[in-house]
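Here are some notes on the model you asked me to look through, set out as numbered points. Please read them with the structure open beside you.

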Amino acid sequence: MSGNDAALLEIEDLVTEFGGAKAFLGKPQRIVRAVDGVSLQLKPGQALGLVGESGCGKTTIAKTALGLVREKSGTMRLDGRVVSGLAPKEARRARATVQYVHQDPGAALDPWWSIGHALDETLRIHGISDKGERTTRIDEMLRAVGLDATFRTRYPHELSGGQQRRVGLARILVLRPRIVILDEPTSGLDLSVQATVLGVIDELRQRFGLTYLFVSHDLSVVERMCEEVAIMYLGRIVEIGPTKEIFARPQHPYTRALLAAAPRLEPGSLNDTPALPGDPPSPTNLVSGCTFRPRCAFAAPKCAEARPPLRSVGERHSAACVRLEETGADTPA
Amino acid sequence: MLILKKFLRDIPAVLGLLIISVVCLIAAFAPLIVADADAVYFGNIIDRLKPPSAEFWFGTDNLGRDVFARVVMGTRGALLVALTVVTLAIVIGVPAGLYAGYTNGWGSEIIMRVTDVFLAVPQLILALAIAQLMGRGLESAMAALALTYWPFFCRTVYGEVRRVRNALFVEALQGLGASTSRILFVHVLPNVASPIIVRATIGMGFTILTTAVLGFLGIGAAPPSPDWGLAIAESREYLPESWWAVTFPGLAILITVLGFNLFGDGLRDLVDPRLRRSR
């Protein structure tokens, strides 16, 4: 999986765990491995989609990359510089060029503060003391996301869903980041607003040369926005590769089930959908071998033996399944 | 302005505000209302225990002092004590609650367990014990009340901060790299301010009542102070014949406490409609 051009962000074998802390006079909490050995590469200007069910660790990867959650092991390189293994505060500082847009940017704003005030504060936190410069940057960025300067005096609750997304983008773009992590940027928006917001996101990427990590469960959005996709299941990447490849020739049974479950506009298309049986198993109580085994239509005894590694199934396309040949996935010659 | 309209529709709360305003005005202009300042401390023993009349509106007490003058001058002391105690309690309780609510670990646990211990013992009894230990006087009564009242603020703030701490905007600020003190004081505090204000208002009335009890028990203000509680204690031997010397300071306490409570309840209804009392 090594590209020719240098990666801007390189994540190798990342593990993030929650729990384990000992409560006062209590038993230690159970350890949950939310991210379990994930490797990703983000090339400059690229958009990588991270897809999976809720609870699969997408957001945890994002927060770990940001430095909000501390990684258990693994390395992160930003522009060739190792930024992992640092104390939380230093980690956040070292990763200042990585910024995160929340799933619900309206709730990510303090309800007592106007938009202008909130954006101004963002810049002040990052040590820009010149008032004039802060104002110029804010106005410039509000225009860039398609809002005008009058929005400075508005309060978060006065904005529509689409406007809140734009403000969420402006809020981190004033910091001039290089990598933007977008967490479900279209959830909860109706389709027409979704389209405009995606348009703004795409335009900003061209204009500011941004690199995106696109966290979503909406396959159609990812197909439209990203050059590469990583499919996650319970903290692991089960399939990764160019978007076109994956949508045309999904290899892993989970990817295939996801794609089949996506609603289409053909009448009756829902009738023959092979639904995924059961709920995702609990990450506190994992099964042996392949974690997708209990829900997989192609599960066989050998799936229980070991955790399947990612193997190459095409150019820059890999999947983690031991029965690819037997499951009828059309592997290239 | 919607909030003002809503408030004005709440008649008991408006009445409470009215009472508080009148009490504050009386306190501010007490020297003008009581023409003869000496009448507060010195009375003519010949005039002792006179019933209410045109000369002595509220009658006179056992030392012949004008009860009206003493009740009016006592307003200042009562408000001052309540304000000091509540302010001190806020100064201790709010930062402690902010810290305990925002962090996890030993510091937070210790603060909250100490708070629990304080809250488990009735405030009045604890204040009595502490005031007794520190010796007689208004200062020690005030210190004892503040020392026993801060846990109420700590507990309120703690609960609110726990709620706000997990709000997305706090996480977003952490993500942007804001310092903990900035998040706590600039963002979390304003979001938890309304319950603090409500508790402080009700606490004013509560403290006036508790101070009066301490005064009555001889732990608070010392004679010849015109303290309301002390006045009741000094005159209670002359009940029921000389009812006025006890009744008027008692009414002053009742009305002031009622005012703060009504206003505090109204504020609480405005701030948190879910807690609205049923009527």
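1. In what order do the eight strands of the open sheet in chain A run? This is a predicted model, and in it the order is β6-β7-β8-β3-β9-β10-β12-β11, with mixed pairing. As general background, the strands of a sheet pair through backbone hydrogen bonds, and this pairing may be parallel or antiparallel.

2. The edges of this sheet in chain A are formed by β6, residues 98-101, and by β11, residues 311-314, each of which pairs on one side only. From one strand to the next, the twist averages 25 degrees.

3. Within chain A, strand β9 (residues 228-233) and strand β10 (residues 236-242) run antiparallel and are joined by six bridges. As an example for inspection, I231(A) has E239(A), in β10(A), as its bridge partner.

4. Helix α1 of chain A, residues 58-66, packs on the sheet, where it touches β3 (47-51), β6, β7 (179-183), β8 (211-216) and β9 of chain A. The direction of this helix makes about 150 degrees with that of β7(A).

5. Turning to chain B, one finds 13 helices and zero strands, so that every element listed from the N terminus on is marked α. The C-alpha trace of chain B spans about 75 × 45 × 35 Å along its principal axes.

6. Chain B has 279 residues, of which 46% count as buried. Among the contacts in chain B with a separation of 6 or more, 69% are accounted for by residues 24 or more positions apart.

Key:
Residues are numbered from 1 along each chain as its sequence is written. Chains are lettered from A and ligands numbered from 1 in the order in which they are written. This is a predicted model: local features need pLDDT of at least 70, side-chain atom pairs count only at pLDDT 80 or more; totals for chains, interfaces and linings use all residues. Helices (H or I, at least four residues) and strands (E, at least two) are DSSP runs, numbered from the N terminus. A residue is buried if 20 or more other C-beta atoms lie within 10 Å of its own, exposed if 12 or fewer, and partly exposed in between; C-beta atoms are placed from the backbone. Two residues are in contact if their C-beta atoms, placed from the backbone, lie within 7 Å. Two strands pair if DSSP finds at least two bridges between them. Axes are lines fitted to C-alpha atoms, for helices over the stretch in contact, and angles run from 0 to 180 degrees between N-to-C directions.
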